[in-house]
Amino acid sequence: MSFQEYFGEPHRLIRNKVRQFIESEINPFVNEWEAKGEFPRELYRKAGEAGVLGIGYPKAYGGSGGDIFVKIASNEELMRCGSAGIVAGLGSLDISIPPILSVGTEEQKARFVTPVLKGSKIAALGVTEPSGGSDVANLSTRAILRDDHYVVSGSKMFITSGLRANQLTCAVRTGVEGYSGISFLVIDSDTPGYSVSEKLEKMGWWASDTAQIFFDECKVPADNLLGKEGQGFYLIMDNFQNERLQLSIMANMTSQLALEESLKYVKEKIAPGRSLSSFQVTRHKLADMATLVEASREFVYRVAAKIDAGSKQVKEISMAKNFSCMVSDQVTYDASQIHGRFGYLREYLIERLCRDNRILSIGGGTTEIMKEVISKYIVGK
Ligand SMILES: Cc1cc2nc3c(=O)[nH]c(=O)nc-3n(C[C@H](O)[C@H](O)[C@H](O)COP(=O)(O)OP(=O)(O)OC[C@H]3O[C@@H](n4cnc5c(N)ncnc54)[C@H](O)[C@@H]3O)c2cc1C
């Protein structure tokens with residue numbers, strides 16, 4: 001299958017739409033928002049109105065529909081703004097809406113999905129807790145059913161868009177210890193007892209807000225339970241598949257941008273007496289970088305195409321995430337090396353790409369957890 005078979009006319013139109021949006025609404029302000037550590041809340045509404053937030057989501061709830069590659073095309077173009085923090089912040093709906101679409105009732109979808117795709121509400125996902133993110137089965141935020149509501153107590157940590165979110169798709173313990181006692185509730189941030197920390201200062205993704213959220217006996221309507229009690233762990237695992245695919249796309253675009261920046265740089269920069277692009281060592285490094293980027297991109301597309309065709313790709317998604325992150329680690333490092341001292345300056349995109357890249361092999365499941373998944377498939381339990 002070639003590139004043309006993954007992407008046709010609908011994807012080209014999506015790319016144009018997103019490119020126009022970032023050129024007018026994001027690119028002129030990226031450096032300012034990065035330095036400030038946030039983008040305006042208004043951007044969600046603008047992205048909603050431009051139809052960017054709804055790309056790939058069902059038309060019934062305000063989306064524009066389409067296959068898996070429309071979302072890939074959209075995220076690739078968004079990454080071209082050069083701030084993965086903006087992409088992560090604006091895209092927090094992509095990790096918080098799918099469980100609602102998967103098992104939510106029609107009433108829940110109308111209440112929790114449509115306003116988010118419009119950009120009038122912000123959605124976040126709460127799985128990770130202060131004790132850690134890998135050991136999902138042992139999360140401890142407790143939800144106790146009393147009459148027509150749950151009483152929720154506990155805390156979630158490292159929540160993207162946590163500071164500004166209106167609603168949190170939140171994993172809670174409603175039953176016994178272990179994976180079978182976990183459920184998903186959608187919690188409104190206006191609920192009494194719901195509070196948010198200061199913004200967490202991070203190495204990268206500066207423009208995305210990341211926060212800790214506290215629940216002090218929050219009364220959450222039982223109607224906000226997604227699916228059935230005890231279904232939460234399976235929903236989290238399912239949701240991870242999509243998140244890991246999107247993180248692989250982010251990693252590939254990070255590599256692509258680092259490669260493009262390097263190609264520009266070597267043509268412009270003159271080392272004493274010679275152009276940087278004339279050094280064989282530089283040319284070979286660029287050849288290696290380009291090879292890795294292309295191999296990683298093709299692998300991720302291939303896995304996405306199989307998912308789109310209805311095949312489960314749990315092992316392959318884990319491989320894709322690890323491979324694309326290994327490639328982005330290598331390519332950003334090499335690109336920074338090619339830039340020499342200038343790659344250490346804020347004004348060069350490669351500096352931000354290196355910082356933003358670091359989270360990709362941690363978030364959504366670490367490299368080690370991906371290897372646990374892969375080895376279960378190839379070696380057995
Ligand atoms: C910027 C940012 C944004 C985030 N956004 C969100 C969000 O919106 N919502 C959300 O719920 N979470 C979010 N997270 C949390 C993220 O999903 C977790 O960081 C991730 O799941 C890894 O968990 P951890 O960082 O707690 O690592 P830990 O679980 O503490 O692991 C620490 C180390 O131990 C290793 N390790 C752990 N268990 C095993 C094992 N069984 N075998 C081998 N090695 C192991 C890990 O690989 C890692 O190297 C975010 C994190 C960051 C930094």
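A salt bridge is a side-chain nitrogen of Lys or Arg within 4 Å of a carboxyl oxygen of Asp or Glu. The exercises below apply this and other criteria to a predicted model.

**Exercise 1. Decide whether Asp209 and Arg164 form a salt bridge, and state where the two residues lie and whether they are buried or exposed.**

Step 1: The closest N and O atoms of Asp209 and Arg164 are 3.5 Å apart, and the pair counts as a salt bridge because the cut-off is 4 Å.

Step 2: Asp209 belongs to the loop between strand S6 (194-196) and strand S7 (210-221), while Arg164 belongs to the loop between S3 and strand S4 (167-173), so that the pair, 45 residues apart, links distant parts of the chain.

Step 3: As for accessibility, Asp209 and Arg164 are both buried.

**Exercise 2. Set the pair Arg352 and Glu34 beside the pair Glu42 and Arg45, giving for each the N to O distance, the location and the exposure.**

Step 1: The principle behind both pairs is that side chains of opposite charge can pair when their charged atoms come close.

Step 2: Arg352 and Glu34 form a salt bridge through their side chains, with an N to O distance of 3.5 Å. Arg352 sits in helix H14 (residues 349-357) and Glu34 in helix H3 (residues 30-36), so this bridge ties together parts that are 318 residues apart in sequence. Both Arg352 and Glu34 are buried.

Step 3: In the salt bridge between Glu42 and Arg45, the closest N and O atoms are 2.3 Å apart. Here Glu42 and Arg45 both belong to helix H4 (residues 42-49), three residues apart, which is about one turn of the helix.

Step 4: Glu42 has a relative accessible area of 38% and is therefore partly exposed, and Arg45, at 30% relative accessibility, is likewise partly exposed.

Step 5: To widen the view, the count of salt bridges in the model comes to 20, and a network of salt bridges links Arg15, Arg19, Glu76 and Glu77.

**Exercise 3. Describe the surroundings of the ligand: which residues come nearest, which polar contacts can be listed, and which elements supply the shell?**

Step 1: There are 19 residues around the ligand, of which Thr128, Gly133, Ser134, Thr366 and Glu368 come nearest.

Step 2: A nitrogen atom of the ligand lies 2.7 Å from a polar side-chain atom of Thr128. On the oxygen side, a polar backbone atom of Gly133 is 2.6 Å from an oxygen atom of the ligand, and an N or O atom in the side chain of Ser134 is also 2.6 Å from an oxygen atom of the ligand. On its own the ligand has 980 Å² of accessible area, and the protein covers 66% of that area.

Step 3: Strand S1 (123-126), strand S3 (149-160) and helix H15 (367-378) each supply at least two residues of the shell, and the largest share, three residues, comes from S3.

Step 4: Sorted by class, the shell contains nine nonpolar, eight polar and two charged residues.

**Exercise 4. Work out whether Val379 and Asn322 are buried or exposed, and name a surface patch or contact for each.**

Step 1: Val379 is placed in the segment after H15. Val379 is exposed because its relative accessible area of 70% passes the 50% limit.

Step 2: Together with Tyr377 and Ile378, Val379 makes a nonpolar surface patch of about 370 Å².

Step 3: Asn322, in helix H13 (residues 314-339), counts as buried because its relative accessibility is 13%, under the 20% limit.

Step 4: A polar atom of the Asn322 side chain lies 3.2 Å from the backbone oxygen of Thr367.

**Exercise 5. Compare Asp147 and Trp205, stating the phi angle, location and exposure of each.**

Step 1: As background, most residues other than glycine have a negative phi.

Step 2: Asp147, which is not a glycine, has a positive phi of about 55°; Trp205, which is not a glycine either, has a positive phi of about 50°.

Step 3: Asp147 lies in the loop between strand S2 (142-146) and S3, whereas Trp205 lies in the loop between S6 and S7.

Step 4: With a relative accessible area of 75%, Asp147 is exposed, whereas Trp205, at 12% relative accessibility, counts as buried.

Terms used
Residues are numbered from 1 along each chain as its sequence is written. This is a predicted model: local features need pLDDT of at least 70, side-chain atom pairs count only at pLDDT 80 or more; totals for chains, interfaces and linings use all residues. Side-chain values use heavy atoms; hydrogens and water are left out. A residue is near a molecule or strand if one of its heavy atoms lies within 4 Å of it. A polar contact is a pair of N or O atoms within 3.5 Å; within protein, one must be able to donate a hydrogen and the other to accept it, and residues adjacent in sequence count only if both atoms are side-chain atoms. Accessible areas come from the Shrake-Rupley method with a 1.4 Å probe; for residues, only the protein chains shown count as cover. Helices (H or I, at least four residues) and strands (E, at least two) are DSSP runs, numbered from the N terminus. Ala, Val, Leu, Ile, Met, Phe, Trp, Tyr, Cys and Pro count as nonpolar, Asp, Glu, Lys and Arg as charged, and the others, Gly among them, as polar. Patches are made of residues with over 30% relative accessible area and no salt bridge: like charges are joined within 9 Å, nonpolar side chains (Val, Leu, Ile, Met, Phe, Trp, Tyr) within 5 Å. Buried means under 20% relative accessible area, exposed over 50%, partly exposed in between (1.4 Å probe, protein chains only).
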